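The following exercises are meant to be worked with the sequence and the coordinates at hand. Each task is followed by a solution that goes step by step.

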Amino acid sequence: MSIFSEVKEHLTARQAAEGYGLQIKRNGIACCPFHDDKHPSMKIDKNYHCFACGVGGDAIDYVSRMFGLTQYEAALKLIEDFALPVDVRGSTSLSAQEKKRIRNEKTERERILHIQKRFEKWCSRTIDTLKDCLSEIENVSGFLTGKPPDLIFSEDYAQMLHAEPLIHYWLDILCMGKVLEKRELFLKDRKKVEEVAGNICAGRQRIMECSRGSA
Ligand SMILES: [Zn+2]
């Protein structure tokens, strides 16, 4: 038997997680420590699974994710921290299959981390862009006060006013929404956000140019 299966025989994900401080409710639900979880989204027993961010696995996987260790290092840590009766000496050489499993898991973890970083970057960049859009609309509104009706009733300005509630809605999601809502915005409306922001910027320029022309 490999040390992985031996460790898992002694320890559930729940026992490991509790040992490292995770608060678990009696029904086996906890706040996921791997994303910003406000409402408990993680089910944890023999294995764990987060219904919000999608991570999951066994006790060893939990510890490897929590402490940034390889699966093998995580198994050793568990043996030591929980004083498990597992003989490590006999299993220092991993089978080819185990090595492959560890490699695959590492690649997968790095891939998820990379996507997550890109996603978080996009969120904070988009918040800035949308806030800029709102202040541009405000500037244009101020600028148009007292200007001739053909400027005020321009298609560009109408488009801006039309976009304003949508921008507020997106900002609400990005600043206060759940991870799932943000992710949906990223997956479904990324292009639309860019388009709206681009239109507002171009619209503002056209309005300014028009007013210069008519002045
Ligand atoms: Zn999670």
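**Exercise 1.** In this predicted model, determine which residues phenylalanine 186 contacts once its neighbours within four places in sequence are left aside, and classify its burial.

*Solution.* With those sequence neighbours set aside, phenylalanine 186 is in contact with Phe119 and Trp122. Phenylalanine 186 itself belongs to helix α8, which covers residues 179-214. Taking the pair with phenylalanine 119, the two residues are separated by 67 residues in sequence, while their C-alpha atoms are 7.6 Å apart in space. For the burial class, count the C-beta neighbours: phenylalanine 186 has 17 inside 10 Å, and it therefore counts as partly exposed, since a buried residue needs 20 or more and an exposed one has 12 or fewer.

**Exercise 2.** Check whether the length of helix α7 agrees with its number of residues, and locate the kink in this helix.

*Solution.* Helix α7 runs over residues 155-176, and at 1.5 Å a residue its 22 residues should span 32 Å. The C-alpha atoms at its ends are 32 Å apart, so the two values agree. The kink, of about 30 degrees, lies at glutamate 164, shortly before proline 165.

**Exercise 3.** Describe how α5 and α7 pack against each other, and name residues of α7 that are buried.

*Solution.* Begin with the geometry: helix α5 (residues 96-144) and α7 pack at an angle of about 150 degrees, their axes being 10 Å apart, and the crossing is left-handed. Next, list the contact: α5 contributes Cys123, Thr126, Ile127, Leu130, Cys133, Leu134, Ile137, Val140 and Leu144, whereas α7 contributes Tyr157, Met160, Glu164, Ile167, Trp170, Leu171, Leu174 and Cys175. Finally, turn to burial within α7, where Tyr157, Met160, Ala163, Ile167 and Trp170 are buried.

**Exercise 4.** Decide whether aspartate 61 and alanine 83 are buried or exposed, and examine the backbone of alanine 83.

*Solution.* Aspartate 61, which is found in helix α3 (residues 59-67), has 21 other C-beta atoms within 10 Å and is therefore buried. Alanine 83, placed in the loop between α4 (71-81) and α5, has 9 other C-beta atoms within 10 Å and is therefore exposed. As to the backbone, alanine 83 has a positive phi of about 45 degrees, although this residue is not a glycine.

**Exercise 5.** State the domain bounds and the distance between the domain centres.

*Solution.* The domain assignment gives domain 1 as 3-94 and domain 2 as 115-214, and their C-alpha centres lie 44 Å apart.

Key: Residues numbered from 1 in each chain as written. Predicted model: local features only at pLDDT ≥ 70, side-chain atom pairs only at ≥ 80, totals over all residues. Helix = DSSP H or I, 4+ residues; strand = E, 2+ residues; numbered from the N terminus. Expected span 1.5 Å × (residues − 1). Bend = angle between axes of the 7 residues up to and from the residue. Domains from an automatic or database assignment. Axes fitted to C-alpha atoms, helices over the stretch in contact; angles between N-to-C directions. Left-handed = near helix turned anticlockwise from the far one by under 90°. Contact = placed C-beta atoms within 7 Å.
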